[in-house]
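Please open the model in a viewer that can display side chains and strands. The tour below proceeds from selection to selection and describes what is found at each stop.

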Amino acid sequence: MLALSLLPGSGSAQAVDGWKNSSELSFVRTGGNAASSTLGISTTVTRSWERTELKMEAGGIRTRTTRFERIAVGTGSDYRIEEKSDSEVSAENYHARVRVDRRFSERTSIFVQSGWTRNTFSGIRHRLVNVAGVSTRWLEREGQRLRTAYGFTHTVERDVVPDPEDSGRFLGLRLSTDYWLRVTGSAEWSSTLAVDGNGSDRSDLRADWVNAFSVAMNERLALKTSFRTTFDNQPALARLPLRSPAGEDDGTVLVPREKLDRVFTVALVITF
């Protein structure tokens, strides 16, 4: 309801820019002695009015890996090759976000944002973060932009392996920066950083940092490389089998996953 109240009414303002879309597509496949395929898709839709901006994002990356097991059956001089294969998803993550900014001065805006994430290999079945805050434009000129934002968050998280000591709901704070630079006439660089804190636990700190460099091939197509780093100081738990020193099964234990995740992508960008 809050997001809807920030949008301009049908007769209150004329659109400054029409709908714009930028979509990214990446695909890698290997075959032969080893086989894997990685598909990445993301899209960003924006629209600007005189005092209001709307931005919607969605995307995901999925990797499937096939492992082969080959054995020879017969004698040393007369045998046949038998092959078995096992295919499974080895990495995947998905996200969706919507944000509305309403400018009330030349440099300052209020905004609301809602973002959903799923990354089961990091232990997150789903995470929903709602943000409301203030954004400041420090630079807004041709070839360079810098904006910071500060907001209150409400997080709802459900992990693959539930933490018995965590309710999965909390209020917190978010600080973020968004920087864009036109390096040359056809190349640009962007860097976004968001840091989330848990208002109930100071040690529960998360960060999401994305750096991207793109080169335009023509008015509609570009090549883009990006490197994303995510940090979680209190990562989700994993359930591991426990074995005794004698090698016997002895139940399971809960251990934290890795704090740092990294994703490097090369994509074709289509803008219209």
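A charge sits over a ring if NZ of Lys or CZ of Arg is within 6 Å of the ring centre and within 35 degrees of the ring normal. The model on display is predicted.

**Charges over rings**

With that criterion in mind, select Arg-99 and Phe-111. Arg-99 lies over the face of Phe-111, at 4.1 Å from the ring centre. Next, select Arg-145 together with Trp-180: here Arg-145 is placed over the face of the Trp-180 ring, and the distance to the ring centre is 4.3 Å.

**The salt-bridge network**

Keep Arg-99 selected and add Glu-53, Asp-101, Arg-137, Glu-140 and Arg-147; a network of salt bridges links these residues. Within this group, display Asp-101 and Arg-147, which form a salt bridge whose closest N and O atoms are 3.9 Å apart. The pair connects distant parts of the chain, since Asp-101 belongs to strand E4 (residues 79-103) and Arg-147 to strand E7 (residues 144-159), 46 residues apart. Is Asp-101 buried or exposed? Its relative accessibility is 4%, so Asp-101 counts as buried, the cut-off for this class being under 20%.

**Further salt bridges between strands**

How many salt bridges does the structure hold? The total is 18, and two others deserve a stop.

Select Arg-127 and Asp-232, whose side chains meet in a salt bridge with an N to O distance of 3.6 Å. This pair also links distant parts of the chain: Arg-127 is in strand E6 (residues 124-141) and Asp-232 in strand E11 (residues 221-232), 105 residues apart. Both Arg-127 and Asp-232 are buried.

Move on to Asp-196 and Arg-206, where the side chains form a salt bridge at 3.7 Å, N to O. Asp-196 lies in strand E9 (residues 187-198) and Arg-206 in strand E10 (residues 201-216), so this contact ties together parts that are 10 residues apart in sequence. Asp-196 and Arg-206 are both buried.

**The aromatic pair**

A search of the whole structure finds 1 aromatic pair. Select Tyr-179 and Trp-189: the ring centres are 5.7 Å apart and the planes stand at 65 degrees, so the pair is edge-to-face, a class that requires an angle over 60 degrees. Tyr-179 lies in strand E8 (residues 169-182) and Trp-189 in strand E9, 10 residues apart. Trp-189 is partly exposed, with a relative accessible area of 31%.

**Strand pairings and hairpins**

Switch to a backbone view and select strand E2 (residues 35-49) and strand E3 (residues 52-74), which pair in the antiparallel sense over 14 bridges. Thr-44 has Glu-57 in E3 as its bridge partner. The two strands form a hairpin, with 2 residues between E2 and E3.

Continue from E3 to E4. These strands run antiparallel and are joined by 23 bridges; Glu-69 stands opposite Lys-84 in E4. E3 and E4 likewise form a hairpin, in this case with 4 residues between them.

For the last stop, select strand E12 (residues 237-243) and strand E13 (residues 249-256), an antiparallel pairing with 6 bridges. Leu-240 has Val-253 as its bridge partner in E13. Which residue of this hairpin takes a positive phi? Between E12 and E13 there are 5 residues, and in this hairpin Gly-247 adopts a positive phi near 90 degrees.

Key
Residues are numbered from 1 along each chain as its sequence is written. This is a predicted model: local features need pLDDT of at least 70, side-chain atom pairs count only at pLDDT 80 or more; totals for chains, interfaces and linings use all residues. Side-chain values use heavy atoms; hydrogens and water are left out. A salt bridge is a side-chain nitrogen of Lys or Arg within 4 Å of a carboxyl oxygen of Asp or Glu. Buried means under 20% relative accessible area, exposed over 50%, partly exposed in between (1.4 Å probe, protein chains only). Two strands pair if DSSP finds at least two bridges between them. Rings of Phe, Tyr and Trp (its six-membered ring) pair if their centres lie within 6.5 Å; planes under 30 degrees apart count as stacked, over 60 as edge-to-face and the rest as tilted.
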